[in-house]
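Trainee: Got a minute to go through a structure with me? I'd like to start broad and then poke at a few odd spots.

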Amino acid sequence: MTDYIVRAHDHVLRAKVTEAARGVSGMATLIGNSVAGKKRAMWEALHIRDGDGAALAGWRVWPGTSPSDPRTLLGVIAGAVPRTVLWLPGLSRYLLDGGSDVGNEVAGALRDLLEDDERAPVLVLGTLRPRQWQRLTAPSRGSADPHPHPRLLLQETDIAVADTFTVAEVADAAMSADPRMAEAAVMCDGGEVIRYLVAAPEVRQRFRNATQQEKAILQCAIEARCVGHGQWLPRALLERAAPQYLTAHERSCLAATWFEDALAELTSPGLGEMRMMLDWDVTDGATARRDRLRLNDFLERQWITEVQQVRLPAEHLWSALVDRAAVDSVVALAEECRRRGLLRQSVEFYRRAIRDGDVSAKRALADMLRDAGHVDDALRLYRELADGPDLTAQVVAGRILLAAGRAAEVVRWVQPAASAYRPDALWLRALALSELGERDRAIVTYQYLAETGDLSAAAVAGELLAEAGRRDDAVTWLMTLTGRFGLDTVRMAAELIVEDEDEDKGGIDVAVARLHDRADHGEYGSYLVGAEILAAHERTEDACSWVDSAIEFAVPGAASMAARLYAQAGLFDTATTHARAAADAGDPTALSTVADALAQRRMTSAALDLYQQGAEHGDTEAWCRAVDVAARAGWVSEAIACLRRARRTGQSPSPVSVAAKLCAAGQIAEALDWYVNTVDLSSPDVLIGISDYLLKANVVKQVAARYARKTRQSDAQALAWVAEGLERAGRQDLDEAANRQAKTGVAVGVHAHRKTMEAVSWLTVAARDGHEPARVRAAELLLQIKRYEQVVTLLREIPQTRRTDAHVYLASALPQPKVKNDDPIGSVNEAITMVERQLDAGETRAVAPVAQALISRGRPEEAIVLLHRGIELGDATSHCCMGDYRSRTHAHAEALAHYLIARLHGHDKAEDKIEGLLTATKDFETLEDIQRFGITVNGTIAEPWSLDRLASDTHADG
């Protein structure tokens, strides 16, 4: 019989164990639907180990190997001695399967044993499913009671077993010495670990031993999923495409019912109710049909979601997908084809989606054609959309034409949308008119937009008028817009005057004089504009005088500006008075403005007081600004208190930004302790923003200890978690540095990998403390930054029988020239042997790094052999590596062929390699062809095509 393991609520179960260990006999019945695995793991979970001082050390566990039958159990009960554990997984086999008489006899014997003081203590531990529990414990409803002894035995012994593992339990499982348990924890989330343990071996066996017809269906499903089809696959698709995965002889031998027979086997349940494929009942009116299927979750993970390399589908599958793919997957297939450079196939999928009634597919197809340089084809589709009428399509087409320098066509294209007074169409029309040199018509359009409420258009119109030598007209016109935009256009007009190069008409004094003249004629808002211009030119005293005049005439907004100007001048008492007046008039932000100025002078207490007043008057951002000021000052308790109040407004800053500012102010330990205790720790990403302050040993340990307490994980796991956060922060730093280098040309600094090395250091500590997966993760990081010798040192310590990814990393590091050892040739040969063994198992990740090392060591022939094997297994990275080698040896045509195949596989760097190769060889015509026409399903450059040609080809094929 199969041995079982369940995961119970530890604190309840341990209470039972402790009670029994004190000398009191007990019964614990674990109730749950999830049972699987190995008995040994159960004892480890319960801390039942011989010789380590655990609660049941020295006890005798029965059965020693596997569960037995009821009669054998009765014999064991009769001879039971003190300190015995009866481990009875599947308790129903003893209480139900043999009938009620046998069940009552076993339950009665167990009750006698538990009540026998001379044989105490004993522990009976069993498992039942919920329905079995209900059947055995249900009250008798008639004269005959079928289960009296089981009901009394089980009374108040139930412990509910969760269907899922907790986060801590998954982590424990990942560290298990049992490789099956570790694999299940890595491959599944908490809800699937137990089911994986039960079903995974059988699924592998069923997959391995499937008939050729069944394998054809599975292969078809896997490849369809790999190129973007959704999980649920139409039966019609599988039935059409699957036969092509068989040989001609196998197809000739197919029976009429082969497909249904194969599906019946694939959808039949196995151990743990696991089916190779699942069917889906789709109700259509009164008729239910079973027309969709999907791979089970295990196969999904193994071949789709957890796959290390993209699978290249069979050529025949594309046409089958175009015709038979599920409607809800067609656009996704089109997008995936586009990503792989299969532009013709992408067009076919988009056209299928259009035929199926997807209104967005035509726009997506037009966008794709535009990006590929098929401007005329794209414009035709936009025209069809515009005739819908889709005025947005006219605007999009107008943008394309404008970018292509076809301004005259823009004016014609957007005319219908412009006639409908669409602002975006009018903008395009104005831009096109400007490019055509028709500035006056463009100005008229911008002025219309401004007069309908577009302030940006007002600014552009004013600038164009000024450029045309009509600066006075621009100023006069902008001044007329004050009724719509208030002081904004007055400010624009004043700036135009200031910028006038004519000494008699321009300059700040002329602008101020004209504003004063307007104020004298009753336009008192001009005082505010004048004050702002004077302040911008550092004439603060004059600016304050002008704003006082605005206050005198009760100009709206004058008190707020006065608060700002007086605060900038350092007259905080006067500024505060004006700010309070502004707040009473309905502008509480003036208080925060003064508080900001106080904070800049490090008058933190006074600033926080004004922020509070601003918040009380209704400034919803005041508490956020207060948090920032308190945090920058290093006032931990005040920052946290302000953060709580900010949260009530719904606009609180992120805890990580607060923690980072507190750390920058020197409050590292206290800030990080608060932060780790506050945020959701489900992802190490929460450490990225504070990573610069984690690079001190005592702080790392402090954060790890807090994480360990909060998540109930071990100290070693906590250190690994912190290390992961450091690594992610280092990766982000590298990305930012690379972006800066691309923009500025400044090389990445020597400390770019500092956080990665810190992560490696702490992962090594975690591994030394018992968290073995941390060692492999450390090796992976070292491999990424080319610290090969350290990789070898780390991984040599792992027993060969327990290596998982470690063998891939070790093989990748061993042959590298930087690795110093006494037998470099032996290390290289060992790596080759390891890679060959991995290739035999279908693993290709180490092929490219080992091949590159062999080439560096002057052994290209051996490298090419490995690369060819990787290529045979469909490894896109091997294609890229071979392309690099061929490029260095000036075999550019061969290099391009490999890069194209890698692109077809979906390799994320292949496109850049193609562009780099063709740019270096100045083969721009080929590069343009690839970008415009794409590649074929065989990895060659596609022939020139257009929408018309594709349509005629499809019609001819039909």
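**Surface, core and odd spots**

Mentor: Sure. The protein chain has an accessible surface of about 45400 Å², and carbon and sulfur atoms hold 48% of that. Keep in mind that this is a predicted model.

Trainee: OK, and how much of the protein chain is buried?

Mentor: Of its 958 residues, 48% are buried.

Trainee: What about helices and strands, how many of each?

Mentor: You get 54 helices and eight strands.

Trainee: And what share of the contacts with a separation of 6 or more comes from residues 24 or more positions apart?

Mentor: That share is 60% in the protein chain.

Trainee: Which residues have the most contacts inside the largest nonpolar core?

Mentor: Ile217, Leu321 and Tyr382 do, in a core of 271 residues. There's also a second, separate core of 27 residues, with Leu74, Ala107, Ala109 and Leu153 among them.

Trainee: Back to Tyr382: what does it touch, leaving out residues up to four places away in sequence?

Mentor: Tyr382 touches Arg363, Ala366, Asp367, Arg370, Ala393, Val396, Ala397, Ile400 and Trp413.

Trainee: Switching to backbone stuff. Is the peptide bond between Ala120 and Pro121 cis or trans?

Mentor: Cis, with omega at about 0°. Pro121 sits in the loop between helix H5 (100-115) and strand S4 (122-128).

Trainee: Which residues other than glycine have a positive phi?

Mentor: Tyr421 is one of them, with phi near 60°, and Arg602 also has phi near 60°. They catch the eye because most residues other than glycine have a negative phi.

Trainee: Where are they along the chain?

Mentor: Tyr421 is in the loop between helix H23 (415-419) and helix H24 (423-435). Arg602 is in the loop between helix H35 (589-600) and helix H36 (604-616).

Trainee: Is Tyr421 buried or exposed? And Arg602, buried or exposed?

Mentor: Tyr421 has a relative accessible area of 54%, so it counts as exposed. Arg602 is exposed too, at 77% relative accessibility.

Trainee: One more, Arg294. Buried or exposed?

Mentor: Arg294 has a relative accessible area of 10%, and the cut-off for buried is under 20%, so Arg294 is buried. You'll find it in strand S8 (residues 287-295).

Trainee: Which side chain makes a polar contact with the one of Arg294?

Mentor: The side chain of Asp297, at 2.5 Å. Beyond the neighbours within four places in sequence, Arg294 is in contact with Gln231, Trp232, Met276, Met277, Leu278 and Glu300.

Technical notes
Residues are numbered from 1 along each chain as its sequence is written. This is a predicted model: local features need pLDDT of at least 70, side-chain atom pairs count only at pLDDT 80 or more; totals for chains, interfaces and linings use all residues. Side-chain values use heavy atoms; hydrogens and water are left out. A nonpolar core is a set of buried Ala, Val, Leu, Ile, Met, Phe, Trp, Tyr and Cys residues joined through side-chain atoms within 4.5 Å. Buried means under 20% relative accessible area, exposed over 50%, partly exposed in between (1.4 Å probe, protein chains only). Contact means heavy atoms within 4.5 Å. Helices (H or I, at least four residues) and strands (E, at least two) are DSSP runs, numbered from the N terminus. Accessible areas come from the Shrake-Rupley method with a 1.4 Å probe; for residues, only the protein chains shown count as cover. A polar contact is a pair of N or O atoms within 3.5 Å; within protein, one must be able to donate a hydrogen and the other to accept it, and residues adjacent in sequence count only if both atoms are side-chain atoms.
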